[in-house]
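Work through the exercises below with the model open beside you. Try each task before reading its solution.

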Amino acid sequence: MRAAIASRAPAMRRTTSPARVRDAVARWRAGGKAVAFVPTMGAIHAGHLSLVVRARGTGRRVVASIFVNPLQFGPGEDFGRYPRPIARDRRLLAAAGVDLLWEPRAGDLYPDGHRTRVRVPGLDEVLEGASRPGHFEGVTTVVLKLLDVVTPDVLWLGQKDAQQAVVLERMVRDLLLPVAVKRAPTVREPDGLALSSRNAYLSPAERAQAVALCRGLEAARESLEAGERSAAGVKRRVRAVWRGFPLVREDYVAVVDARTLAPVRDTRGARRLLVAVAAAVGPARLIDNLEWSPR
Ligand code: AMP
C-alpha cells in the first residue's frame, strides 16, 4: 500500500537551466494548465511549504525556485553563512507538490558584466530598505528575472515579508506584468515565533527570547483593539514588552500605512496599518509584522 502511494506521487523535476524552465512552462500552458510560482532562498520550512500548498490549487502546476541571491545581501550580511540544506529542501518541496524546482546558478541570472537594476523608489528605501541599503533593489532585480523566465499566472509571497510583498506588488503593477500576486499568512511556531530560515542562527537562550517580536506585536494589537489612536503609543507598548527580553536589540518599530509604507501618526489615519518590527537577537536579524484595519 505504501509503495503504491509512493509510486503514484508525481516526481518533481529539477533543473538549473532557464531554457528548460521556459520549455516546461510552455508545454503546460499549451496543455491548458495554469502555472503558479513560489520563489525562495531555500532552507525550506513550513512557511515556504504553506505557499506551495496554496499555489497548488486545483490542476495548477507549481514551479518553485531556490536561489540565495547575492544581490540582495549587503556587505557583512549573512550571504556566506545562509543555510543551504539542498537535499532536504528538495525532499520537502517534492513532498509538498512542487512540479518543477528551478535551482539557477548565479551565472544563469547574472551574466558577466550585468548592470541592469530594478528599483521601486519611495517603497524600497524605508524600513528594511533603510536598515539594509540596496536590499530591495536586489530583490526586485532578481524577481523580475525569475518572473521573465517562469512567466507564471500567479506569484505567491508570504506576509512574513510584508514590505517585500508591497514592493513586488508595486513592481508588477508598474511594469504591467501579467501575473497575479497573492499573499499567504505568516506561519508561526507554536509559541508565536514567525518561521524563518534565520531562526537556525539562534542559540537556545536566544530562541527563547526571539518570541519578543511576536509578543510585542500582540501587545500592539491589544492596544489598537483598545482604541489607541497614537502610533507613538502603539510603539511604546511594543518597546515596553521588549524591555523584558535583554537579548533583543531593536532595529526599528514602525507604524505605517500598509499600502504606501508612509509613517502614520494617528492610527485611524490609514485604511490598513502595518506594524513592522525588526530586531537583532544574537547573530540573527529577525523581522515580523502585523496588519490591522481600524473599524
Ligand atoms: P525566503 O526563502 O526567506 O526568501 O522566503 C521565500 C518566501 O517565503 C517569501 O515570499 C517569504 O515571504 C515566504 N515566507 C518566509 N517565511 C514565511 C512564514 N513564516 N510564513 C509564510 N511565508 C513565509
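The exercises that follow concern a predicted model.

**Exercise 1. The ligand shell**

Task: Find how many residues surround the ligand, and name the closest.

Solution:
- Step 1. Count the shell: 16 residues surround the ligand.
- Step 2. Pick out the closest: Met41, His48, Asp161, Val187 and Leu195.
- Step 3. Sort the shell by character. Seven residues are nonpolar, seven are polar and two are charged.
- Step 4. Assign elements. Strand S2 (35-40), helix H3 (46-56) and strand S5 (154-158) each give at least two residues to the shell.
- Step 5. Rank the elements. H3 has the largest share, with three residues.

**Exercise 2. Polar contacts of the ligand**

Task: State which ligand atom types pair with Gly158, Asp161 and Val187, and at what distances.

Solution:
- Step 1. Begin with the backbone of Gly158. One of its polar atoms is 2.9 Å from an oxygen atom of the ligand.
- Step 2. Go on to the side chain of Asp161. A polar atom there lies 2.7 Å from a ligand oxygen.
- Step 3. Turn to Val187. A backbone N or O atom of this residue is 2.8 Å from a nitrogen atom of the ligand.
- Step 4. Add the coverage. On its own the ligand has 490 Å² of accessible area, and the protein covers 92% of that.

**Exercise 3. The surroundings of Thr15**

Task: Is Thr15 buried or exposed?

Solution:
- Step 1. Place the residue. Thr15 belongs to strand S1 (residues 13-15).
- Step 2. Apply the cut-off. Buried means under 20% relative accessible area.
- Step 3. Compare. Thr15 has a relative accessible area of 10%, so it is buried.
- Step 4. Check the polar contact. The Thr15 side chain reaches the backbone nitrogen of Ser17 at 2.9 Å.
- Step 5. List the contacts, leaving out residues up to four places away in sequence. Thr15 touches Arg20, Val21, Leu100, Leu101, Trp102 and Glu103.

**Exercise 4. A salt-bridge network**

Task: Which residues are linked in a network of salt bridges with Arg183?

Solution:
- Step 1. Take the total. The model has 21 salt bridges.
- Step 2. Find the pair of Glu169 and Arg183. Their side chains meet in a salt bridge at 2.8 Å, N to O.
- Step 3. Locate both ends. Glu169 is in helix H8 (residues 162-174) and Arg183 in strand S6 (residues 180-184), so the bridge ties together parts 14 residues apart in sequence.
- Step 4. Follow Arg183 to Glu291. In this salt bridge the closest N and O atoms are 3.3 Å apart.
- Step 5. Locate Glu291. It lies in strand S9 (residues 284-292) and Arg183 in strand S6, so this pair ties together parts 108 residues apart in sequence.
- Step 6. Check accessibility. Glu169 is partly exposed at 26%. Arg183 is partly exposed at 23%. Glu291 is partly exposed, also with 23%.
- Step 7. Assemble the network: Glu169, Arg183, Arg272 and Glu291.

**Exercise 5. A bridge between two helices**

Task: Which helices hold Glu222 and Arg237?

Solution:
- Step 1. Confirm the bridge. The side chains of Glu222 and Arg237 meet at 3.5 Å, N to O.
- Step 2. Name the helices. Glu222 is in helix H10 (residues 212-225) and Arg237 in helix H11 (residues 231-242). The two residues are 15 residues apart.
- Step 3. Classify Glu222. At 51% relative accessible area, Glu222 is exposed.
- Step 4. Classify Arg237. At 34% relative accessibility, Arg237 is partly exposed.

Definitions and conventions: Residues are numbered from 1 along each chain as its sequence is written. This is a predicted model: local features need pLDDT of at least 70, side-chain atom pairs count only at pLDDT 80 or more; totals for chains, interfaces and linings use all residues. Side-chain values use heavy atoms; hydrogens and water are left out. A residue is near a molecule or strand if one of its heavy atoms lies within 4 Å of it. A polar contact is a pair of N or O atoms within 3.5 Å; within protein, one must be able to donate a hydrogen and the other to accept it, and residues adjacent in sequence count only if both atoms are side-chain atoms. Accessible areas come from the Shrake-Rupley method with a 1.4 Å probe; for residues, only the protein chains shown count as cover. Helices (H or I, at least four residues) and strands (E, at least two) are DSSP runs, numbered from the N terminus. Ala, Val, Leu, Ile, Met, Phe, Trp, Tyr, Cys and Pro count as nonpolar, Asp, Glu, Lys and Arg as charged, and the others, Gly among them, as polar. Buried means under 20% relative accessible area, exposed over 50%, partly exposed in between (1.4 Å probe, protein chains only). Contact means heavy atoms within 4.5 Å. A salt bridge is a side-chain nitrogen of Lys or Arg within 4 Å of a carboxyl oxygen of Asp or Glu.
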